[in-house]
Amino acid sequence: MATTITMPQLGETVTEGTVAQWLKKPGDSIEKYESFVEVSTDKVNAEVPSPVSGILREIICKEGETVATGAPIAIIDEVGAATPPPEPVAPSSYGAPGTSVAHAEPARRNGSAASPVPNGKSLNSSETLRRVSPAVRRLAREHDIDISAVDGTGQNGRVTANDVLAAVSAGSSAATAATIVHGPVTTTSVTTTPATAGTAGTAAKPAAAGAISADAPRSTYAAPLPGTLVPLSPARKIIAQRMVESLATAPHAWTMVEVDVTNLWAWRAKAKDRFAQDKGYALTLLPFFIHAVVAALKKQPLLNSRYTPEGIFVEKNYNIGIAIGMESNLVVPVIRDADSLSISGIAVAAGKLIEKARTGKLGADDLGGGTFTVNNTGANGSVLSKPIINGGQAAIVTMEAVVKRAVVLNDAIAIRSMMNVCLSLDHRVIDGTASNAFLGDLKKRLEAMGPSGEL
Amino acid sequence: MALASTETTVMNNVEAVRTTLYEALKADERTLIMGEDVGARGNVFLITKGFIEEFGPERIIDTPLAEASIVGIAVGMAMEGLRPIAEIQFADFIYPAFNQIVGEAAKTRYRSNGDYTCPLVIRTPYGGGVRGALSHSVSIEALFYHVPGLKIVAPSYPADMKGLLNAAIDDPDPVLFLEHKKTYRLVKGEVPNGHYTIPIGKADIKHAGDKLTVVSYGLYVHQAVEAAKRLASEGTSVEVIDLRSIRPMDRTTILASVRKTRRLLIIHEDNKFGGIGAEISAMVVEEAFFDLDAPIRRLCGPDVPAMGYAAPLEEEFMISTDRMADAMRDLAAF
């Protein structure tokens, strides 16, 4: 590791120094804090201690030469080259004046002709571009300025906010051909009148000066429309994030079957009062449906799985999530090991979860570990929906509203209670064959349910 | 500023505080001063010299060396209708009174649901640079500014000193009034005659500029203005904001300036970690992120337990005007 030694600032008003005498010659070893060069300024003469231990590799500034403070005067090869490179020197501006140290790759310090990175423009440009301040980013966006086309006057050629505004004034932006006029900027600085399109900050009159054509046609509706901003609750943020994640990672395919639930409906109507009396929970269509879903999942285990980069993980458990919508929230509590429960058992388990959800008492144990999700969209009257898969599962199925429809039965028109069942599936995991087999099986099971069945 | 008179008198900060206290004692019989050596000695900086002779020992009370009692008794007096001005001889001695200030005075209004208020002023000289070493140099503002219910002011110009001390005395709630002792006789300025107040919570721009905002308070405001003048001669326009009030803090003035300059340097003598600058910095990032063109920088005292007595140690602790100017140049060039 080579350390470039620069001319120290020997006093707060001193700007240059003269190498009076080298106390070491190239090849000599130097201890940290050992004096190795004598420097004189118009105020003081001082011996300069080495900031590192090592071998003096090269003298850049000869005796008698005067250079600006900060200019390189020598290179020391640090001892223990196998040690990891030192941390970059923290850019503390507040330290007392003293020896400044700049680390650099040896290759760039070849001979005394090599100059260090000056205050100028030679910092890696991609680095500069990545390091854009919030103000610059905002101004560039507002004025449609290509930052890479702007000359930076900041440290290491950094593009400053004033540079962007100067570019706006000069009309030098490379990206202004399109003359996009933005709407009024609502975050405009308090010192500016927020009326001028595309202007911001304290720049005098950037918009008039050319980069953005001031007389370009503007929409009559450019002004922000009135409205209310509802803050995101933590739950809403999580829901939003998971929905985007699921839709972005799992290619959703969608399919639907119509199910004749006339007999099932009759069964439920017959049993529900007694059930409510005995068990204390309402007997809805949901437990019947879940019971049939679990049986169908057992025939098509791929539906009860999840995609991982290593492979498709087929779940051993049948933990069925039930989506419960509330006023401003959505929760999916889980009925664990639903394959071990009867219809009646599922009804009680679901009833408990729904009660907990409505009273805000769901715990982490109620919510985690689902392997498949059922969404009772029909409860709100929907007859067709396209659900988003609960992240980490392979599919989600809905039960739509039961409606009486005229259908053809045995070549005659009959009035039947019909329910649509919709399925969204992760096409990475499941293809049409499996999903259709699942839906077909589910349909058959639901249609086979009737008043003679056992709860 | 509600001025009673357009006539002014040039005075230093000691005279400004002394005049204000004298006028307050004259104007309102409920006003009294209590603290160590405020009576016979006339305060260690001679701020209350002669007061005990004129107002008597019932209103100028020499207390034992017991800060918890000074503030505790003053809290009771304030709650029962008097207007005590308690003095902690040096801010370094305030710690025994912490419970009375934070646990009692600051919570009186809230605890009593507004039935009681605590119109108490606690004056104390703070700050270093006077070879005061461990027990006469400390800055205490960060220890107290976390506390809702407590106002903290730290003016450093004589006219601000008088206007804010009057506001503190008039205030129905407790005010911690910090006087930088190095400015006592160092700083002179014109002070309006008669009674006037400067609102607590209002900062003041002491040097206008548009390239860089500097926020400071106390002694360092004077140095920052000096440094800003130097930079002006170099062509760099620096705006120096004197906070004057630390809590409540004048967010409006700070944000307006930062939105204009896009660069912020905070300078204070108190150490950096968890200091006033941390709060200002967080506030600016929260409110004006998209206006910032450079990282917010803080130039503050070092994290050492106390100011050393030895000259090099004190000089290292105290920030020189040169260092302020360098930091301003550096941030302006970013």
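**Notes on the two-chain model**

1. Let me start in chain B, where B:N43 sits in the loop that runs between β2 (31-35) and α2 (51-55). This is a predicted model, so read every value below as computed from it. B:N43 has a phi near 75 degrees, which is positive even though the residue is not a glycine. For context, most residues other than glycine have a negative phi. Is B:N43 buried or exposed? B:N43 counts as buried, because there are 24 C-beta neighbours inside 10 Å and the cut-off for buried is 20 or more.

2. Chain A has a residue to set beside that one. A:N156, also not a glycine, shows a positive phi of about 55 degrees. Look for A:N156 in the loop between α2 and α3 of chain A. With 17 C-beta neighbours inside 10 Å, A:N156 comes out as partly exposed.

3. Another backbone detail in chain B deserves a look. Which peptide bond is cis, with omega near 0 degrees? The one leading from B:R247 to B:P248. As a reminder, most peptide bonds are trans. B:P248 lies in the loop between β12 (245-247) and α10 (251-261) of chain B.

4. Now the helices that flank the A:N156 loop. Helix α2 (residues 134-143) and helix α3 (residues 161-170) of chain A have axes that come within 8 Å and cross at roughly 15 degrees. That angle makes α2(A) roughly parallel to α3(A), since angles under 35 degrees fall in that class. The crossing of α2(A) past α3(A) is right-handed. On the α2(A) side the contact uses A:A135, A:V136, A:L139, A:A140 and A:H143, and α3(A) brings A:A161, A:V164, A:L165 and A:V168. By class that is eight nonpolar residues, one polar and no charged.

5. Helix α6 of chain A turns up in two of the packings described here, so take them in turn. Two packed helices are described by the angle between their axes and the distance between the axes. First partner: the axes of α6 (residues 286-299) and α9 (residues 432-448) of chain A come within 9 Å and cross at roughly 140 degrees. Why is α6(A) called oblique to α9(A)? The crossing angle makes α6(A) oblique to α9(A), because roughly antiparallel would need an angle over 145 degrees. The handedness of this crossing is right-handed.

6. Who touches whom there? From α6(A) come A:F289, A:A292, A:V293, A:A295, A:A296 and A:K299, while α9(A) supplies A:F438, A:D441, A:L442, A:R445 and A:L446. The tally for this contact of α6(A) with α9(A) is eight nonpolar, no polar and three charged residues.

7. Second partner: α6(A) packs on helix α7 (residues 343-358) of chain A at an angle of about 120 degrees, the axes being 8 Å apart. That makes α6(A) oblique to α7(A), and α6(A) passes α7(A) in a right-handed crossing. A:L286, A:P287, A:F288, A:I290 and A:H291 of α6(A) meet A:I343, A:I346, A:A347 and A:A350 of α7(A). The classes here are eight nonpolar, one polar and no charged.

8. A smaller point on chain A: A:S233 is in the loop between α3 and α4 (234-249). Is A:S233 buried or exposed? A:S233 is exposed, with 11 other C-beta atoms within 10 Å. The C-alpha atoms of A:S233 and A:N329 are separated by 9.2 Å, with their positions 96 residues apart along the chain.

9. Stepping back to the chains as wholes, chain A has nine helices and 18 strands, and 34% of its 455 residues count as buried. In chain A, of the contacts between residues at least 6 apart in sequence, 63% join residues at least 24 apart. Chain B has 13 helices and 14 strands, and 52% of its 334 residues count as buried. For chain B, residues 24 or more positions apart make up 80% of the contacts with a separation of 6 or more.

10. Finally, confidence. Chain B averages a pLDDT of 96, and 99% of the residues of chain B score at least 70. For the complex, the predictor gives an ipTM of 0.71 and a pTM of 0.52.

Definitions and conventions:
Residues are numbered from 1 along each chain as its sequence is written. Chains are lettered from A and ligands numbered from 1 in the order in which they are written. This is a predicted model: local features need pLDDT of at least 70, side-chain atom pairs count only at pLDDT 80 or more; totals for chains, interfaces and linings use all residues. Helices (H or I, at least four residues) and strands (E, at least two) are DSSP runs, numbered from the N terminus. A residue is buried if 20 or more other C-beta atoms lie within 10 Å of its own, exposed if 12 or fewer, and partly exposed in between; C-beta atoms are placed from the backbone. Two residues are in contact if their C-beta atoms, placed from the backbone, lie within 7 Å. pLDDT is the predictor's confidence in each residue, from 0 to 100. Axes are lines fitted to C-alpha atoms, for helices over the stretch in contact, and angles run from 0 to 180 degrees between N-to-C directions. Angles under 35 degrees count as roughly parallel, over 145 as roughly antiparallel, 65 to 115 as roughly perpendicular and the rest as oblique. A crossing is left-handed if the near helix is turned anticlockwise from the far one by less than a right angle, and right-handed if clockwise. Ala, Val, Leu, Ile, Met, Phe, Trp, Tyr, Cys and Pro count as nonpolar, Asp, Glu, Lys and Arg as charged, and the others, Gly among them, as polar.
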